[in-house]
Amino acid sequence: FNSALNGFISSGGAALLTTPIDVIKTHMMTSRQATSKNVINTARQIYTDTGIQGFFAGWHLRTISVGFAGIIFYLSLIHISEPTRLLSISYAVFCLKKK
């Protein structure tokens, strides 16, 4: 349970913190205006239109979905690396030696 919670908190927290960057990027990609191809101008436009909360549009869904993906990734890493944990070789080195 702790591993799943760690995966959710770390991934969900990272998603929450990077949401403003993702919002700016999405606005730049979907805008037809030439002025929106600049990060500063796009950020200024978002702030003018919607205020600070505009930078966190969709944070709920993004945080939850990335958080659940983090659970899967974290538990998979633990499951994959556990057999090599007691060996004198780390999992990363084990993968490199297989090649």
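Select serine 76 to begin; it sits in helix H3, where helices (H or I, at least four residues) and strands (E, at least two) are DSSP runs numbered from the N terminus. With a relative accessible area of 33%, serine 76 is partly exposed; buried means under 20% relative accessible area, exposed over 50%, and partly exposed in between (1.4 Å probe, protein chains only). Show the side chain of serine 76, which reaches the backbone oxygen of isoleucine 72 at 2.7 Å. A polar contact is here a pair of N or O atoms within 3.5 Å; within protein, one must be able to donate a hydrogen and the other to accept it, and residues adjacent in sequence count only if both atoms are side-chain atoms.

The model is predicted: local features need pLDDT of at least 70, side-chain atom pairs count only at pLDDT 80 or more, and totals for chains, interfaces and linings use all residues. Residues are numbered from 1 along each chain as its sequence is written, and side-chain values use heavy atoms, with hydrogens and water left out.

**Along H3**

Next select leucine 75, also found in helix H3. Leucine 75 is partly exposed, at a relative accessible area of 37%. Add alanine 4 to the selection: 71 residues separate it from leucine 75 in sequence, while the two are 6.6 Å apart in space, C-alpha to C-alpha.

Then go to threonine 63, in helix H3. Is threonine 63 buried or exposed? Its relative accessible area is 13%, so threonine 63 is buried. Its side chain reaches the backbone oxygen of tryptophan 59 at 2.7 Å.

**The salt bridges**

Select Asp22, Lys25 and Arg62, which are linked in a network of salt bridges. A salt bridge is a side-chain nitrogen of Lys or Arg within 4 Å of a carboxyl oxygen of Asp or Glu, and by this rule the count comes to two.

Start with lysine 25 and aspartate 22, whose closest N and O atoms are 3.3 Å apart. The two residues are separated by about one helical turn, because they are three residues apart in helix H1. Lysine 25 is partly exposed, with a relative accessible area of 40%.

Now look at arginine 62 and aspartate 22, where the closest N and O atoms of the salt bridge are 3.5 Å apart. This pair links distant parts of the chain, with arginine 62 in helix H3 (residues 59–85), aspartate 22 in helix H1, and the two positions 40 residues apart. Arginine 62 counts as partly exposed at 23% relative accessibility, and aspartate 22 is partly exposed with a relative accessible area of 24%.

**Helix H1**

Select residues 2–30, which make up helix H1. Its 29 residues should span 42 Å at 1.5 Å a residue, and the end C-alpha atoms are 39 Å apart, which agrees. The expected span is 1.5 Å times one less than the number of residues in the helix.

Where is the kink in H1? A kink of about 50° lies at threonine 18, shortly before proline 20; the bend at a residue is the angle between axes fitted to the seven residues ending there and the seven starting there. Colour the buried residues of H1, among them Ala4, Gly7, Ala15, Pro20 and Met28.

**The nonpolar patch**

Switch to a surface view and select Leu16, Tyr47, Ile52, Phe56 and Trp59, which make a nonpolar surface patch of about 470 Å². Patches are made of residues with over 30% relative accessible area and no salt bridge; like charges are joined within 9 Å, and nonpolar side chains (Val, Leu, Ile, Met, Phe, Trp, Tyr) within 5 Å. Accessible areas come from the Shrake-Rupley method with a 1.4 Å probe, and for residues only the protein chains shown count as cover.

Within this patch, pick tyrosine 47, which lies in helix H2 (residues 39–50). It counts as partly exposed at 49% relative accessibility. Move on to phenylalanine 56, in the loop between H2 and H3. Phenylalanine 56 is partly exposed, with a relative accessible area of 32%. Its C-alpha atom is separated by 9.2 Å from that of leucine 17, 39 residues apart along the chain.

**The whole chain**

Finally, clear the selection and show the cartoon. The protein has four helices and zero strands, and reads α-α-α-α along the sequence. Of its 99 residues, 23% are buried.
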